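Please open the model in a viewer and keep the sequence panel at hand. The stops below may be selected one after another.

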Amino acid sequence: MRLIIRSDYNEVSEYISTYVKNRINEFKPTKERPFVLGLPTGSSPIGLYKNLVKYHKNGELSFKHVVTFNMDEYVGLPRDHPESYHSFMWHHLFKHIDIEPRNVNILDGNAENLSEECARFEKKIKDIGGVELFIGGIGPDGHIAFNEPGSSLMSRTRVKTLAYDTILANSRFFDNDINKVPRMALTVGVGTVMDSREVAVIITGAHKALALAKCIEEGVNHMFTVSAIQLHSKALIVCDEDATLELHVKTVKYFKSIEHVINNLIGAENVGLQGNIH
Amino acid sequence: MPFQSSEKTRQNRNSRLIKIVNGRIVRNHTIINDDVLYIHDGKIIDPQNHFFACGNPPDVLINAKGLLIAPGYIDVQINGAFGVDFSVWKGDKQMKEGLDKIAKGLVKYGCTSFVPTIVSSHKEVYHQVLPTLKPRKGNKDNGAEVLGVHVEGPFITSSQLGAHEESCLRAAPNGINDFVDIYGLHELKDNPIKIITVAPDVEGVLDSLEELVNFGITVSIGHSSATVFQAESAIEKGAKCITHLFNAMQQFHHRDPGIVGLLGTTRITRPFYGIICDGIHVHPNSIKIAYDSNPKGAILVTDAMAALGLPPGEYTLGGISVRKSGNEKVEVVENGKLAGSVISIDACVKNFKKFTGCSVIEAIEAATLHPAELLGIQNFKGTLNVGADADFVFLDDDLNVVKCFIAGEEISTS
Ligand SMILES: [Zn+2]
């Protein structure tokens with residue numbers, strides 16, 4: 001696992017967006033061999049999406065042959081509701097870029113048969129050959145997508161009842177009326193994310209410091225589901241200084257020293273995007 | 001048949017999905033910087049819904065390069081342009097050609113819909129002209145949309161004649177029957193009259209107002225010496241607008257402010273008012289007073305005559321020799337009197353902003369949203385909301401028209 005520490009949210013966004021851009025461009029996607037990207041919603045990726053839109057408008061990045069899978073969607077919320085994840089993705093990313101609508105995959109929280117919808121989603125990921133890069137954010141309790149504490153680390157895409165805390169936290173987006181907050185969501189499983197060939201997680205802010213520490217300094221634990229990335233062979237965490245507050249000084253220094261060695265002793269030009277030596 | 005094939009091409013063009021990016025969209029009283037427009041079948045559609053529901057990508061991508069995207073301008077009072085006068089009948093063919101010329105010519109001013117206006121005329125002229133000026137869709141072949149006709153008179157006051165012909169004026173002692181008779185309303189399947197300008201102080205007018213409104217006609221008051229009491233009565237009976245405010249009405253008098261006094265009414269809803277923003281027909285300060293009294297009621301009209309769009313020079317229009325100097329002024333050669341307005345609607349928008357100090361949005365709305373609201377067509381015209389006709393302009397920050405689109409198709413403005 002690689003841990004990249006940047007000073008603040010903007011620099012974190014800059015790093016991860018440059019990374020995504022370079023990964024896609026290096027991949028040279030085609031119609032037959034698209035780049036398959038997993039995407040999150042929430043506050044963590046907003047800066048990332050902003051930069052990706054900027055790259056697209058500058059002509060540095062095309063999504064023509066990019067296929068996306070989103071992590072989750074509420075159940076029963078109209079697709080065009082301002083708080084739906086469809087709306088989020090439309091406003092922050094899709095409307096600004098050249099992605100083909102048929103290459104966009106978001107779970108349908110209004111499907112008649114929700115379990116079938118989840119199975120269809122899993123199958124689609126499998127049929128296209130898996131996700132090349134899954135990007136995620138985490139909650140303060142270390143959950144990834146809607147895989148809240150206690151979720152199986154083997155879990156697949158499924159219907160999930162939200163924790164009361166999550167419903168309460170989300171009520172701020174629904175006129176502070178807890179009765180308007182959806183109680184269920186469709187979400188990819190921890191297993192679904194971990195099956196991707198690469199996982200990148202954005203973690204920023206002091207309120208996520210404990211989660212970051214639990215996820216990388218302690219054992220794999222279903223109470224902090226993102227800790228499953230310890231078992232992933234190509235995992236990247238990009239965090240800001242605030243998010244490192246609960247880490248040991250030794251941990252922070254160790255990961256910073258790795259970057260130092262790469263940049264100053266080996267030379268960044270000799271190291272591939274995913275850390276491989278040329 | 002050539003007509004059919006061109007119709008077919010148009011339909012094919014229209015079935016394309018157009019996406020417009022990087023524009024600053026004037027919508028909902030604000031400028032939206034980070035949204036896109038999707039256009040299909042000549043209408044503005046919901047882009048998010050289309051993206052997730054239909055799945056086909058845009059066929060045409062237009063980069064607005066940071067320009068403002070505003071609804072196309074609507075002119076509800078225009079007597080003619082490019083040498084053509086709607087009130088002069090030379091025959092069916094000539095009127096149709098004249099209409100085409102104007103509908104296409106106005107596009108360069110950002111005008112995407114207009115209401116051809118006929119001044120007080122004799123009965124036979126109405127019977128000839130009205131059927132020719134029926135509402136007609138705007139598109140690449142037709143140019144700007146014809147929304148119907150504005151009949152200004154003949155039920156107006158002789159003391160506020162303006163440029164009208166006194167011998168044409170009428171009163172309405174028989175109420176609505178006099179209106180039906182002179183315009184020939186009973187003979188027309190679809191009533192082409194959208195707006196009527198009447199004087200409330202003319203006999204029979206006030207009593208006919210409600211019936212006119214029931215005909216689906218928008219009533220505006222003007223060319224009138226009505227008292228403020230008569231003016232308010234007209235509004236209460238359903239009139240919604242004042243025709244070219246300040247021109248051809250009583251001067252403001254503090255004891256009886258007349259029609260102008262509607263700007264200060266608190267008893268009833270203040271009506272819309274058309275206003276000529278050429279800086280000649282109305283002093284800029286007067287425009288500012290009107291705007292401050294009722295900013296949501298301002299409707300910019302050109303009230304243009306046939307010399308609009310013609311180069312400076314001397315012309316014989318409607319039998320009168322006129323001289324056009326510069327782009328703003330046209331006088332009767334014989335006596336030097338103003339022969340009417342020759343301002344274009346885009347220039348009105350710029351002037352209105354300059355004269356009143358209003359925002360870009362307010363200036364644009366005075367030539368888009370407000371006239372659409374006056375006619376009750378704001379769901380289709382005058383906005384860029386989902387479901388509206390895709391009539392819009394690209395404007396630079398100085399409100400110059402850069403591009404003009406009607407029913408989703410770019411129309412050459414050169
Ligand atoms: Zn007039």
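The tour begins in chain A and then proceeds through chain B. Please bear in mind throughout that this is a predicted model.

**Stop 1: the annotated domain of chain A**

Select residues 10-232 of chain A, which UniProt, in an unreviewed entry, marks as "domain: Glucosamine/galactosamine-6-phosphate isomerase". The C-alpha atoms at the two ends of residues 10-232 of chain A are 27 Å apart. Helix accounts for 33% of this span and strand for 15%.

**Stop 2: the zinc ion in chain B**

Which residues coordinate the zinc ion? Select Glu152(B), His223(B) and His244(B): the glutamate contributes OE, and each of the two histidines contributes NE2. The coordinating distances run from 2.0 to 2.1 Å. Along the sequence, the donor residues follow the spacing E-x70-H-x20-H. His223(B) belongs to the loop between β15 (218-221) and α7 (228-236) of chain B, while His244(B) belongs to the loop between β16 (241-242) and β17 (272-276) of chain B, so the pair ties together parts that are 21 residues apart in sequence. Both His223(B) and His244(B) are buried.

**Stop 3: the annotated active-site residue**

From His244(B), move to Asp303(B), which is in contact with His244(B). UniProt lists Asp303(B) under "active site", again in an unreviewed entry. Asp303(B) sits in the loop between β18 (298-301) and β19 of chain B. Is Asp303(B) buried or exposed? Its relative accessibility is 13%, and Asp303(B) therefore counts as buried, the cut-off for that class being under 20%. Beyond its neighbours within four places in sequence, Asp303(B) also contacts Gln77(B), Asn79(B), Ile276(B) and Ser341(B).

**Stop 4: the sheet of 4 strands**

Next, display the strands β19, β20, β21 and β22 of chain B, which form an open sheet in that order with antiparallel pairing. At the edges stand β19 (313-317) and β22 (338-341) of chain B; each has a single partner strand, so one side of each has no neighbour in the sheet. From one strand to the next, the twist averages 30 degrees. Within this sheet, zoom in on β20 (residues 320-325) and β21 (residues 329-332) of chain B, an antiparallel pair joined over 4 bridges. Lys324(B) has Val330(B) as its bridge partner in β21(B).

**Stop 5: the sheet of 6 strands**

A further open sheet in chain B has 6 strands in the order β3-β2-β7-β23-β24-β25, and its pairing is mixed. Its edge strands, β3 (30-32) and β25 (409-411) of chain B, each pair on one side only. Neighbouring strands of this sheet are turned against each other by 30 degrees on average, direction ignored. Select β23 (residues 392-395) and β24 (residues 401-406) of chain B to view antiparallel pairing over 4 bridges. Here Phe392(B) has Phe405(B) as its bridge partner in β24(B).

**Stop 6: the loop that precedes β23**

Finally, select Thr383(B), located in the loop between α11 (369-375) and β23 of chain B. Thr383(B) has a relative accessible area of 9% and is buried. Which backbone atom does the side chain of Thr383(B) reach? The partner is the backbone nitrogen of Asn385(B), at 3.2 Å. To display the surroundings, add Pro71(B), Leu369(B), Gln378(B) and Ala388(B), with which Thr383(B) is in contact once its neighbours within four places in sequence are set aside.

How values were computed:
Residues are numbered from 1 along each chain as its sequence is written. Chains are lettered from A and ligands numbered from 1 in the order in which they are written. This is a predicted model: local features need pLDDT of at least 70, side-chain atom pairs count only at pLDDT 80 or more; totals for chains, interfaces and linings use all residues. Side-chain values use heavy atoms; hydrogens and water are left out. UniProt positions are given in the numbering used here, feature names are shortened, and annotations may be inferred rather than shown by experiment. Two strands pair if DSSP finds at least two bridges between them. Axes are lines fitted to C-alpha atoms, for helices over the stretch in contact, and angles run from 0 to 180 degrees between N-to-C directions. Donors are N, O and S atoms within 2.8 Å of the metal (3.2 Å for Na, K and Ca); water is not among the atoms, so sites may look incomplete. Buried means under 20% relative accessible area, exposed over 50%, partly exposed in between (1.4 Å probe, protein chains only). A polar contact is a pair of N or O atoms within 3.5 Å; within protein, one must be able to donate a hydrogen and the other to accept it, and residues adjacent in sequence count only if both atoms are side-chain atoms. Contact means heavy atoms within 4.5 Å.
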